[in-house]
Amino acid sequence: MFGWICSAIVGGLVLCVWFLTNRLPRVTKGNVGIVVGIICDSPEEDKQVKADFIERLRELIQQGEGKFQLLELPSWSLRNIGEAGAVPHYLNRTHGHFMLYGRVRKRNVDGREAHFLNFEGA
């Protein structure tokens, strides 16, 4: 009996920790939220896009006078981004006002590697 109770408590703690660490970020009150969701072909590209594109976008947003906040959605949460009604769901969950989403693909063009960015906004 004691073993079942301990197992239930440990399971509940693991569930709480998972829930707290895997939830979507939210825009803080009083800010205009710009949500960015980008899907890449590989984890290496994902890191590179975040280092180059997202950080530069964050710098440009912070230069302005307004209270803008840039939220980046984690890759695991973007599985259904192309489905109808997905974008309003993400904006509602994050309390965002505008969403920039799309896919980055690496292709060979004229013998050189190039990144193709296909974005949409809502």
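I count two rings of Phe, Tyr or Trp (its six-membered ring) as a pair if their centres lie within 6.5 Å, and I call the pair stacked if the planes are under 30 degrees apart.

Entry on aromatic rings. I am working on a predicted model, and by this rule I find one aromatic pair in it. The rings belong to Phe53 and Phe119; their centres lie 5.4 Å apart and their planes meet at 15°, so I enter the pair as stacked. I then looked up where the partners sit: Phe53 is in helix H2 and Phe119 in strand E4 (residues 112–121), so that the pair, 66 residues apart, links distant parts of the chain. For accessibility I noted 27% relative accessibility for Phe53, which therefore counts as partly exposed, and 24% for Phe119, which is likewise partly exposed.

Entry on strands E1 and E2. I looked up the pairing of strand E1 (residues 32–40) with strand E2 (residues 68–72) and found it parallel, with five bridges. Val32 stands opposite Phe68 of E2. Following the chain from E1 to E2, I pass through helix H2 (residues 43–63), and I recorded this β-α-β crossover as right-handed.

Entry on Gln69. Which strand holds Gln69? I find this residue in strand E2, and with a relative accessible area of 18% I list Gln69 as buried, because the limit for that class is under 20%. A polar atom of the Gln69 side chain lies 2.9 Å from the backbone nitrogen of Thr28. Leaving aside residues up to four places away in sequence, I noted that Gln69 touches Arg26, Val27, Thr28, Asn31, Val32, Gly33 and Ile34.

Note on methods. Residues are numbered from 1 along each chain as its sequence is written. This is a predicted model: local features need pLDDT of at least 70, side-chain atom pairs count only at pLDDT 80 or more; totals for chains, interfaces and linings use all residues. Side-chain values use heavy atoms; hydrogens and water are left out. Two strands pair if DSSP finds at least two bridges between them. Helices (H or I, at least four residues) and strands (E, at least two) are DSSP runs, numbered from the N terminus. A crossover is right-handed if, with the strands pointing away from the viewer, the path from the first strand over the helix to the second runs clockwise. Rings of Phe, Tyr and Trp (its six-membered ring) pair if their centres lie within 6.5 Å; planes under 30 degrees apart count as stacked, over 60 as edge-to-face and the rest as tilted. Buried means under 20% relative accessible area, exposed over 50%, partly exposed in between (1.4 Å probe, protein chains only). A polar contact is a pair of N or O atoms within 3.5 Å; within protein, one must be able to donate a hydrogen and the other to accept it, and residues adjacent in sequence count only if both atoms are side-chain atoms. Contact means heavy atoms within 4.5 Å.
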